[in-house]
There are 2 protein chains.
Amino acid sequence: MSSRQVQVLEAAARVIARNGVRGLRVEELAAEAGVSTALIYYHFKDRAGLLRRTLEFISERADRYTADGVAGDVDPRAELEQRLLSELQDDPSVRENSTAWGELRASAIFEPDLRAPLTEATASWVRDTAELVRRVSADVDADEVAERLTALVEGLSERWLSGSVTLERARGLLVGAIGAELGARSPA
Amino acid sequence: MSSRQVQVLEAAARVIARNGVRGLRVEELAAEAGVSTALIYYHFKDRAGLLRRTLEFISERADRYTADGVAGDVDPRAELEQRLLSELQDDPSVRENSTAWGELRASAIFEPDLRAPLTEATASWVRDTAELVRRVSADVDADEVAERLTALVEGLSERWLSGSVTLERARGLLVGAIGAELGARSPA
DNA sequence: TGCTCCTGACTGAATTTTCAGTCAACCCTT
DNA sequence: AAGGGTTGACTGAAAATTCAGTCAGGAGCA
C-alpha cells in the first residue's frame, strides 16, 4: 500500500470522525488529503471501495494502539482493565477511531459489503480479550465474558460520544462491569 | 393525526429499518407508502420534519410494546429480564425500533440538536430499569447496574443488527450479564 | 550518453446521477 | 364554489463518477 493511499485513508478517518460516513464527501476528503478527487477513484475504485478500505485501515490501526502501551503488564487483571479502558479516553486519536468505528458499524447494518471485515475485526477483538480473561480467571466462560465486556465498551463508547454519559462515568461503569463479571478486585 | 400521516409514518419506519435514517430517500418512502412525494412535503414540511415525526412515532410505539406483555408480572427478576430481552427480538417492529434508535444515536454524534431528546430518552429508560433492579436486589447500586445493562443491550443490539452475533447468542449473553450483575437465578 | 517508448501516478474539467424540494392543476367533500 | 388533500412533472443544486490528458521517471537500445 503506497504512502499516498495511507495519506488518503488517514484523512478519511478524520473526515468520518468529523462528519460521519454519510457526511463524507469525496471532494472534502480530497481536500483534506491534499489530493484530487480523481486520485481517490484511481486508487479506490469508488466510494464504497474507499469505505471498505477505510474500515480495514481503522481496525488495523486500532489493533496496533490497543496492543501498544499495555503489552508487558504482569497483572492480567490490570492488563484487561487497561485494554478495555483504552477505548474510553479523551484522546483525539481514540475519539477519532471510536467515532469512525461506530459509524462503520452502523453503516454495516445496511451495507452487507462492510459486514465481513467488521465481523472479523470484532471477532478478533473478542478473541484477544477472551485470552486475557482466561488469564484472570479459570472459573468463568472467558468467551462469554469477553463478548459481553467488548459489547459493553461499544455501547458505552457510543453513549459517551453522543453525550449521554460523561467519560468518567463510562469508565467507572466499565470497571464495575469487570468487577461484576470477574469478582471484586485483587485476590489475596 | 390523519390516517394518511400514520400510513406514511409506518412506511417510514419500514424504510428506515431497511436502509437507515441516512438511506431514507423521500421518493422511496413515497413509493413504499403509496403516495406522491409532494404529499409528504405537504404533511411534514421537509425531510427533517419527517424524520422528527418518525422518531417520535417510533418511540411511542416502542413504549407500547415494552410496557405491553410484561406488565403484571409478579417476579421482578423475570420482569427485568423480559423487559431487556424485549429489545432483542426478531420482530419487525422491534427491529425497526432498534435500527432507528441506533441510527438516531449515531446521528446525534454529529448533530447536537438531536442530543437533548436522546439523552432524555436514555435517562428515562435507565431510570425505569433501575426501578426494576431495585426490586430485584437491595445489595447492588441499582443505577449503576441499570446503566450498564441498558448500555449492554445497545451494544448487543447493534452487533446483532450488523450481523456480528446471532440473535440467540445476544440474548444468551444478556441473560448471563443479568446473572453476573445480580447473582445467579431464582433465590430460594 | 542521449533518444524513444512506456507506464503509473496524478489532475482539472466535464458529465452523469441523485435528491430534496416546488408548483400548478386536479380531485373530492361539504 | 371553496378549500383541504393529492398528484405528476419539474427544477436546481450537490455529489459521484468519468475522461482526456500531463508529467516524472524507468527500460531498452544506439
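**Exercise 1. Describe the fold of chain A by its secondary structure and overall dimensions.**

Step 1. Read from the N terminus, the elements of chain A follow the order α-α-α-α-α-α-α-α-α. The count is nine helices and zero strands. The model is a predicted one.

Step 2. Chain A has a radius of gyration of 18 Å, while the globule rule gives 16 Å for 188 residues; the two values are close, so chain A is as compact as a globular protein of that length.

Step 3. Along the principal axes, the C-alpha atoms of chain A occupy a box of roughly 60 × 30 × 30 Å.

Step 4. Buried residues make up 43% of the 188 in chain A. Among contacts in chain A with a separation of 6 or more, 59% join residues 24 or more positions apart.

**Exercise 2. Determine how chain B is related to chain A.**

Step 1. A turn of 176° with a shift of 0.3 Å along the axis lays chain B on chain A, with an RMSD of 1.2 Å.

Step 2. The two copies are therefore related as by a two-fold rotation axis.

Step 3. Both copies use the same surface: 100% of the contact residues of chain B recur in chain A.

**Exercise 3. Characterise the side of chain B that touches chain A.**

Step 1. The contact involves 35 residues of chain B and 35 residues of chain A.

Step 2. On the chain B side, the elements that give two or more residues are α6 (92-108), α7 (115-136), α8 (142-161) and α9 (167-182). The most comes from α8(B), with eleven residues.

Step 3. Sorted by class, this side of chain B holds twelve nonpolar, twelve polar and eleven charged residues.

**Exercise 4. Identify the residues and helices around DNA strand C, then those around DNA strand D.**

Step 1. DNA strand C is surrounded by 16 residues, and the closest are Ser36(A), Ala38(A), Leu39(A), Ala38(B) and Arg47(B).

Step 2. At least two residues of the surface near DNA strand C come from each of α3 (37-44) of chain A, α2 (26-33) of chain B and α3 (37-44) of chain B. The largest share, four residues, is that of α3(A). By class, this surface near DNA strand C has seven nonpolar, four polar and five charged residues.

Step 3. Around DNA strand D there are 16 residues, with Ala38(A), Arg47(A), Val35(B), Ala38(B) and Leu39(B) coming nearest.

Step 4. For DNA strand D, α2 (26-33) and α3 of chain A and α3 of chain B each supply at least two residues of the surface. Here α3(B) provides the largest share, four residues. The surface near DNA strand D comprises seven nonpolar, four polar and five charged residues.

**Exercise 5. Locate the largest nonpolar core and trace the contacts of Leu156(A) and Val165(A).**

Step 1. In soluble globular proteins, nonpolar side chains tend to be buried together. The largest nonpolar core in this model has 106 residues, and those with the most contacts inside it are Leu156(A), Leu174(A), Leu156(B) and Leu174(B).

Step 2. Leaving out residues up to four places away in sequence, Leu156(A) touches Leu88(A), Val165(A), Ala170(A), Leu173(A), Leu174(A) and, in the other chain, Ala151(B).

Step 3. Val165(A) sits in the loop between α8 (142-161) and α9 (167-182) of chain A. The cut-off for a buried residue is 20 or more other C-beta atoms within 10 Å. Val165(A) has 24 C-beta neighbours inside 10 Å and so counts as buried.

Step 4. With the exclusion of residues up to four places away in sequence, the contacts of Val165(A) are Leu156(A), Arg159(A), Trp160(A) and Ala170(A).

Methods: Residues are numbered from 1 along each chain as its sequence is written. Chains are lettered from A and ligands numbered from 1 in the order in which they are written. This is a predicted model: local features need pLDDT of at least 70, side-chain atom pairs count only at pLDDT 80 or more; totals for chains, interfaces and linings use all residues. A residue is near a molecule or strand if its C-beta atom, placed from the backbone, lies within 6 Å of it. Ala, Val, Leu, Ile, Met, Phe, Trp, Tyr, Cys and Pro count as nonpolar, Asp, Glu, Lys and Arg as charged, and the others, Gly among them, as polar. Copies are superposed by least squares on the C-alpha atoms of residues with pLDDT of at least 70 in both. Two residues are in contact if their C-beta atoms, placed from the backbone, lie within 7 Å. A nonpolar core is a set of buried Ala, Val, Leu, Ile, Met, Phe, Trp, Tyr and Cys residues joined through C-beta atoms within 7 Å. A residue is buried if 20 or more other C-beta atoms lie within 10 Å of its own, exposed if 12 or fewer, and partly exposed in between; C-beta atoms are placed from the backbone. The radius of gyration is taken over C-alpha atoms; the globule rule is 2.2 Å times the number of residues to the power 0.38.
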